[in-house]
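Work through the exercises below with the sequence and the model side by side. Try each task before reading its solution.

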Amino acid sequence: MKIAIIDYGAGNIQSILFAIERIGFEAFVTNDWNLIKAADKIIFPGVGEASSAMQKLNESGLNILIPTLKQPVLGICLGMQLMCKSTEEGNTNGLGIFDIDIIKFSNKVKVPQMGWNTIYNLKSPLFEGIKENEYVYLVHSFYAPKGSNAIAYTDYETEYATALQKDNFYGVQFHPEKSGIHGEQILKNFLKLNN
């Protein structure tokens, strides 16, 4: 199986590579259109600030390629947020795969949300073998409100969508590569997806 991790200068790529190795697979890191299009599974990582990350996608043309992909694509953290219509972080337009506007937590709670929190209302093969209210690791200041694409929820100040799906596109706000055995199970489940 060919697993591509998209390299656009805004990813926690090393930890994702190691996590894929730990579950018995090999991935490669690339920004080459042909290699990405030929991959069986694609991981779209992201750490950092949305407007500069989006600028890097625009400069490389990956903003045009990613929404056209037909194989399973998994956006992680900022990667998931950039798959949405827009984000308040830097007033940035995203890729528009999910018709969702990302918004910031208020100053009533500690921002960023950092550490372990639970996921529930799990609605996808992505969560096969994961029980309701298992803990995952999160680091983020912005979130996706609840909506029709939500396949998991988390509560922090408000209930929000901690995972999204539309067709072959999946997104998780948490870091599966840092979420222990449950995160590894979610990565395994992603690699088993057919669509």
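The exercises that follow deal with sheets, a helix packing, a pocket and single residues.

The model is predicted, so local features need pLDDT of at least 70 and side-chain atom pairs count only at pLDDT 80 or more, while totals for chains, interfaces and linings use all residues. Residues are numbered from 1 along each chain as its sequence is written, and side-chain values use heavy atoms, with hydrogens and water left out.

**Exercise 1. The seven-stranded sheet**

Determine the strand order of the open sheet of seven strands, and state which strands stand at its edges.

Solution. Begin with the elements: helices (H or I, at least four residues) and strands (E, at least two) are DSSP runs, numbered from the N terminus, and two strands pair if DSSP finds at least two bridges between them. Read in this way, the sheet has the order β2-β1-β3-β4-β13-β12-β11, and its pairing is mixed. The edge positions belong to β2 (27-30) and β11 (150-156); each has a single partner strand, so one side of each is left without a neighbour in the sheet. Neighbouring strands of this sheet are turned against each other by 25° on average, with direction ignored; axes here are lines fitted to C-alpha atoms, for helices over the stretch in contact, and angles run from 0 to 180 degrees between N-to-C directions.

As a next step, take one pair inside the sheet: β4 (residues 73-76) and β13 (residues 169-172) run parallel and are joined by four bridges, and Val73 has Phe169 as its bridge partner in β13. Finally, add the helix: α1 (residues 13-22) lies across β1 (3-6), β2, β3 (41-44) and β4, and runs at about 165° to β1.

**Exercise 2. The four-stranded sheet**

Trace the open sheet of four strands and follow the partners of β5.

Solution. The order is β6-β5-β7-β10, again with mixed pairing. At the edges stand β6 (92-93) and β10 (142-143), each with a single partner strand, so one side of each is left without a neighbour in the sheet. On one side, β5 (residues 84-87) is joined by two bridges to β6, the two running antiparallel; Ser86 is partnered by Asn93, and Thr87 stands opposite Thr92. These two strands form a hairpin with four residues between them, and Gly90 in the turn has a positive phi of about 70°. Towards β7 (residues 98-104), β5 runs parallel and is joined by three bridges, with Ile102 as the bridge partner of Thr87.

**Exercise 3. The two faces of β9**

Which side chains of β9 point to the buried face, and which to the other?

Solution. First recall the expectation that in a regular strand the side chains alternate between the two faces of the sheet. In β9, Glu134, Val136, Leu138 and His140 point to one face and are buried, whereas Tyr135, Tyr137 and Val139 point to the other and are not. Here buried means under 20% relative accessible area, exposed means over 50%, and partly exposed lies in between (1.4 Å probe, protein chains only). The partner of this strand is β8 (residues 113-119), which pairs with β9 in the antiparallel sense over seven bridges; Ile119 has Glu134 as its bridge partner.

**Exercise 4. Two residues of the pocket lining**

Describe the lining of the largest pocket, then place Cys77 and Ser141 in their surroundings.

Solution. The lining consists of Gly46, Val47, Gly48, Cys77, Leu78, Gln81, Glu89, Val139, His140, Ser141, Phe142 and His175. The elements that give two or more residues to this lining are α5 (78-82) and β9 (134-140).

Cys77 lies in the loop between β4 and α5 and is buried, with a relative accessible area of 8%. Not counting residues up to four places away in sequence, Cys77 touches Gly46, Val139, Val172, Gln173, Phe174 and His175, where contact means heavy atoms within 4.5 Å.

Ser141 lies in the loop between β9 and β10 and is likewise buried, at a relative accessible area of 19%. Leaving aside neighbours within four places in sequence, Ser141 is in contact with Ile103, Lys104, Phe105, Val111 and Pro112.

**Exercise 5. A residue in α2**

Is Lys37 buried or partly exposed, and which residues are in contact with Lys37?

Solution. Lys37 is found in helix α2 (residues 33-38) and, at 49% relative accessibility, counts as partly exposed. Leaving aside neighbours within four places in sequence, Lys37 is in contact with Leu65, Leu69 and Gln71.

Definitions and conventions
1 Å grid on protein atoms, 1.4 Å probe; cavity = no way out; pocket = protein on both sides within 12 Å on 5 of 7 lines; lining within 4 Å.
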